[in-house]
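Biologist: Could you take me through this model, beginning with the ligand site?

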Amino acid sequence: MEQILQQIAIYQADIAAAQATDANALEEFRIKYLGTKGIVKVVMGQMKDVPNEQKREFGQILNAFKELAEQKYDDLKLQAQAAPAQAQANTPDFSLPGHPLHMGSLHPLTIIRNKMVDIFKRLGFAVAEGPEIEDDWHNFGALNLPPNHPARDMQDTFYISQNPDWLLRTHTSNVQIREMMKGKLPLRVVMPGRVYRNETISARAHCFFHQIEGLAIAENISFADLKQTLYFYVREMFGQDVKIRFRPSYFPFTEPSAEMDISCLICGGKGCNVCKHSGWVEILGCGMVHPNVLTNCGIDANKYTGFAFGMGIERVAMLKYQVKDLRLFSENDVRFLRQFAGAV
Ligand code: DAH
């Protein structure tokens, strides 16, 4: 009798401590205590051995034990049902949409450069690049700017202090020379790249910027080919309604030389700050390749002619995206750069 009561006390403690973390644990508890061969049944079976005078008291204890086990089972059932929800709260739900990733975007100058290059590619131009650290001959001499030529002052040059024959190229025209020196004609190529000039940095000028150079050399190339090529470029780049004008100009490496203006994209030609109230913006320099340049590159200037052009990329990006300050392109401010996300 004493023994049974002690045993019941142990079971009671065990029941109190029972946890049902999931359906399996719940079922285990049920089988252990309430099953057909469960502890409650076994304990109840002891009744027959209890002396008659104690049956009443003992019966109450056993009934209370049975109720305890049943009550606990009901509690555990509720607990087990709630468990999956709780577990879910603690583990990630992989079906939820993720936090949006910030996709990188192309730099606006890259976007514009790609657009420009693509237009010329459609006209059959190849693409080439050349070095940014250049020697005097490729950047100046071969382009018909011998030492002490006054036109060298048109571009403020960064020289490499260890060797004054080396410099940071002031334009992409150096790649013209490198392409012509390869000796493969005819030639039709555009040459994008970064160039450097010793200029004070401001909203309108920088010590480095980007250009695209163009060059076509063949027999019988004329100024008409140059104009037609550039007309096509402008219409593709800026639309059919943009007006174009050529002005005579001077570059040592072209003869004749011209500059090309387009009607201002900001004010449509009416006059504004961007076009300095003229209605026009200059977008490139061009001309027929000077015979001296052809000769310098080993090309027979009596047989071959060619045209060349060079244009800034920043200027076009500023017009297209209405960027007022050139410095934004090189400051890497993500608030600026993110605005071009998704653009191609
Ligand atoms: N290299 C000139 C500059 O940076 C631009 C230029 C003008 C390039 C006329 C050319 C050209 O190829 O024919 O100002």
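Modeller: There are 16 residues around the ligand (a heavy atom within 4 Å of it), and His171, Gln176, Arg197, Gln211 and Glu213 come nearest. This is a predicted model, in which local features need pLDDT of at least 70 and side-chain atom pairs pLDDT 80 or more, while totals for chains, interfaces and linings use all residues. Residues are numbered from 1 along each chain as its sequence is written, and side-chain values use heavy atoms, without hydrogens and water.

Biologist: How far is the polar side-chain atom of Arg197 from an oxygen atom of the ligand?

Modeller: That distance is 2.8 Å. For Gln211, a polar side-chain atom is 2.9 Å from a ligand oxygen.

Biologist: And which atom of Ala308 lies 3.2 Å from an oxygen atom of the ligand?

Modeller: In Ala308 it is a backbone N or O atom.

Biologist: Changing topic: at what angle do the axes of helix H1 and helix H2 cross?

Modeller: H1 (residues 2-17) and H2 (residues 23-34) cross at roughly 165°, their axes coming within 12 Å. Helices here are DSSP runs (H or I, at least four residues), numbered from the N terminus. Axes are lines fitted to C-alpha atoms over the stretch in contact, and angles run from 0 to 180 degrees between N-to-C directions. H1 and H2 are therefore roughly antiparallel (over 145 degrees).

Biologist: Which residues in H1 and H2 meet?

Modeller: Tyr11, Asp14 and Ile15 of H1 meet Phe29, Lys32 and Tyr33 of H2, contact being heavy atoms within 4.5 Å.

Note on methods:
Helices (H or I, at least four residues) and strands (E, at least two) are DSSP runs, numbered from the N terminus. Angles under 35 degrees count as roughly parallel, over 145 as roughly antiparallel, 65 to 115 as roughly perpendicular and the rest as oblique. A polar contact is a pair of N or O atoms within 3.5 Å; within protein, one must be able to donate a hydrogen and the other to accept it, and residues adjacent in sequence count only if both atoms are side-chain atoms.
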